[in-house]
Amino acid sequence: MDIEAIVSKMTLEEKCDCLIGSDYWTLGGCPRLGVAPLVVADGPHGLRKQPGPADNLGIATSDPAVCFPTASASACSFDIDLMRRMGEAIGDEAREQQVDIVLGPGVNMKRSPLCGRNFEYFSEDPHLAGELAAAYVEGVQSRGVGTSLKHFAANSQETNRLIVDSVIDERALHELYLEPFRIAIEKAHPWTVMTAYNLVNGVYCSENSYLMDEVARGLWGFAGAFITDWGAENDNAASLPAGLDLVMPGPRPDYRADVRTAVESGALEESLLDKAVERILKLHERCERHEAAFVVRDAQARLSVAREVAEGSAVLVKNDGVLPLAADASIALIGAFAEAPRYQGTGSSKINPVALCCAREGFASRGATCSYAQGYDRKTGETDEDMLAAAVERARSAEVAVVFVGLPDAAEAEGSDRADMGLPDGHNRLVAAVCDVNPNTVVVVQGGAPVELPWRSRPSAILLSYLAGCEGGSATAAILFGDANPSGKLAETWPDRLADVQNANSYPAAGRQALYTESVYAGYRYYDAAEVEPAYPFGFGLSYTTFAYSDLSIEGAGEGFDVSCTVRNSGARKGAEVVQLYVAPVDPCAFMVPQQLKGFAKVSLEPGEEKRITMALPHRAFAHYDAGRGDWIVEGGCYEIRVSASSRDVRLVDTVLVPGEVGHSDGVPDVYHRVEPGCFTNEAFLALYGRPFPKVLTAMRPYTANATVGDLRTSLIGRLVQAALRRELKTLIPDDKEMRAAFDRAAMDTPLRAVAMSGIDMNVVKGVVDILNYRFIRGIKRLRAVNSHAKDAESPRGERP
């Protein structure tokens, strides 16, 4: 494809059309000049291709596809090769379903266990998230299918997600929230990057030239296209000059018209438009290049990969010897999730699985003798005396009781955050009742994020299966019986209780501004610095065998080091160990976290076998971001190199002298040097931030397009709009009160401009805003003008609910 020649032949209208979707899932291209349309589909952990009505909340039907474990699960594998193979399988399925770009993976950092979308994200650690994302991207794109790394950037809460301003100091922004994007972009070169809904330091991500042009393109060399999350574009005049290339979904007649007018008037240089068009055409060229490539049509092979990922990701956090189960043991399977599992989250990544294996089927397939009791209502998590009595009876008469608990569907949904870390009370009551009558109780926890386990001292074993995808049932059975040896390690800290989390009192931010007062102290960085004991630390996970570490060797200097050690399987079973490499400054001048993960390797060993593991530690691994300079620097001095089995289990340690700059006091508030629980105040953060906080956008009258549906409660017309929306939700989700409530919360946080997500002209929104502000004549004129130009603005689009 001769992109330069095509751009030279395109009309201004065709160029503008190229920068908006032609419908919900399609990039229109330029048919007159032979540029065929492209199809995109959701899919961090599998495809959600919708053949009919389209939505971004997982409501309408999608084509059947393999549902792989979600990112919160697969990250626990710490397995680069496995993640790459999962990407390859998703790429194969995309080719089979004629999808050109997969919208994933998500690398947003986990600031709090309460984020309703944590199940779609890898980790609280940027190095782990970036490396796994790079492997996923490489796998998908090796099949000639593009990816969209998301959500750029600092999209760390779902409450008010389309309008909240993530206020972050420069140090934390670069070291935590941008770092996984940098790693994935520099290593794997994703074809697209998706801009987040939120603002960062006062500027919407879709119009943030600092993030897109200065950092991603200028510093990291990103050569692909920036596309918006669905409905994330905020300002037609600001987004394209800031570096945005594609607005989704389409059609957006208002965007097309505004860009055309800006070029014709001279307000926008056509060369900027041409650059964006060239980047979009590059996507079309890449897809065209792979059109004739071989398509792998093997759903069973993909299901096998899904099972392998689930087996390699489950984390055993307790085992008093009851596991693995004996093949002839009598077993009571208890809990509705044993029969109707939680295996994925709710929202845009909700997949219609081509197959689904529950734990009850997994146990039956290997001939296990099992009884079953429901234990609780699957949707609500509630239990009653009859269900508890039945569960107790089954547990008492079995040699082993396996209880399945976790978070219900409505607790983990795109668009809303959790209110607490608790399991449903019925689940906790069930575990306690079963433990009372059977000392050999195993608890399997299904969910996409940490939960409080008030009973964790009571069962003989606890397995965290997370959201294990459509083969989770067979994987769980394989692990519990010892056919597979658990090898997952936690990719996030599991706090003992919500009060122990660094931002427990401020997350999620209820208003339109989220202050990241903890700075770099998120996840294990905080627990280490504040000396808070978690329930289960980052990187922790048990095995049915044991591993011995020895012979630490550190070679190199100046530009980096090679860290080597020997790992031996000192037990009686084949197993895999995740060797983790942490860097810890000994006596820094600048404020630094106690240690950071900078390398990892997963090694599989037969009993008695040993292997030499080498991990590279580049000079950058010792760097921190200096906000005053606006650049990364290495503070020269002594650093500990820790080879560990978890963040709290250091096996081998040595020190190295790292060349660098002479340390100097950074002048930040003392609380960031001597971290204590509750020390991160707004006043201390303001001093660290170093400038006034961005102005908070008001939601009061006069309303704007960024007023949320919830804001409209002060208006009679607005209350009518809210009532109509709730009636529509009741129609779309008639039988699930809890899920409807979750979507209702998300809807109340949605700004009016997001109506454009349904392909409605933004001038309609402006007319509605006028009417809400009682400017009836002007509002009606706007609506009539849009209606009179409807034929001109029309583009093909599918039905939407």
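**Exercise 1. Describe how helix α4 passes helix α5, and which residues make the contact.**

Solution. Begin with the handedness: α4 passes α5 in a right-handed crossing, a label given when the near helix is turned clockwise from the far one by less than a right angle, whereas anticlockwise would be left-handed. This is a predicted model, in which local features need pLDDT of at least 70 and side-chain atom pairs count only at pLDDT 80 or more, while totals for chains, interfaces and linings use all residues. Residues are numbered from 1 along each chain as its sequence is written, and side-chain values use heavy atoms, with hydrogens and water left out.

Next, take the geometry: the axes of α4 (residues 80-96) and α5 come within 6 Å and cross at roughly 35°. Here axes are lines fitted to C-alpha atoms, for helices over the stretch in contact, with angles from 0 to 180 degrees between N-to-C directions, and helices are DSSP runs (H or I, at least four residues) numbered from the N terminus.

Finally, list the contact (heavy atoms within 4.5 Å): I80, M83, R84, M86, G87, E88, I90 and G91 of α4 meet E131, L132, A135, Y136, E138, G139 and V140 of α5. By class there are 8 nonpolar, 3 polar and 4 charged residues, where Ala, Val, Leu, Ile, Met, Phe, Trp, Tyr, Cys and Pro count as nonpolar, Asp, Glu, Lys and Arg as charged, and the others, Gly among them, as polar.

**Exercise 2. Find the largest nonpolar core and the helix that gives the most to this core.**

Solution. A nonpolar core is a set of buried Ala, Val, Leu, Ile, Met, Phe, Trp, Tyr and Cys residues joined through side-chain atoms within 4.5 Å; buried means under 20% relative accessible area (1.4 Å probe, protein chains only). The largest has 211 residues, and F152, W230, I334, V402 and V445 have the most contacts inside it. Helix α5 (residues 126-141) gives the most to this core, with 9 residues. As one example, V402 touches L325, I331, A332, L333, I334, V442, V444 and L480, leaving aside residues up to four places away in sequence.

**Exercise 3. Explain why C16 is in no disulfide.**

Solution. Searching the whole structure gives 0 disulfides, a disulfide being a pair of cysteine sulfur atoms within 2.5 Å. The closest cysteine sulfur to that of C16 belongs to C18 and is 9.9 Å away, so the two are too far apart for a bond. C16 also counts as buried, at 2% relative accessibility.

Notes:
Buried < 20%, exposed > 50% of the residue type's maximum accessible area, 1.4 Å probe, protein only. Helix = DSSP H or I, 4+ residues; strand = E, 2+ residues; numbered from the N terminus.
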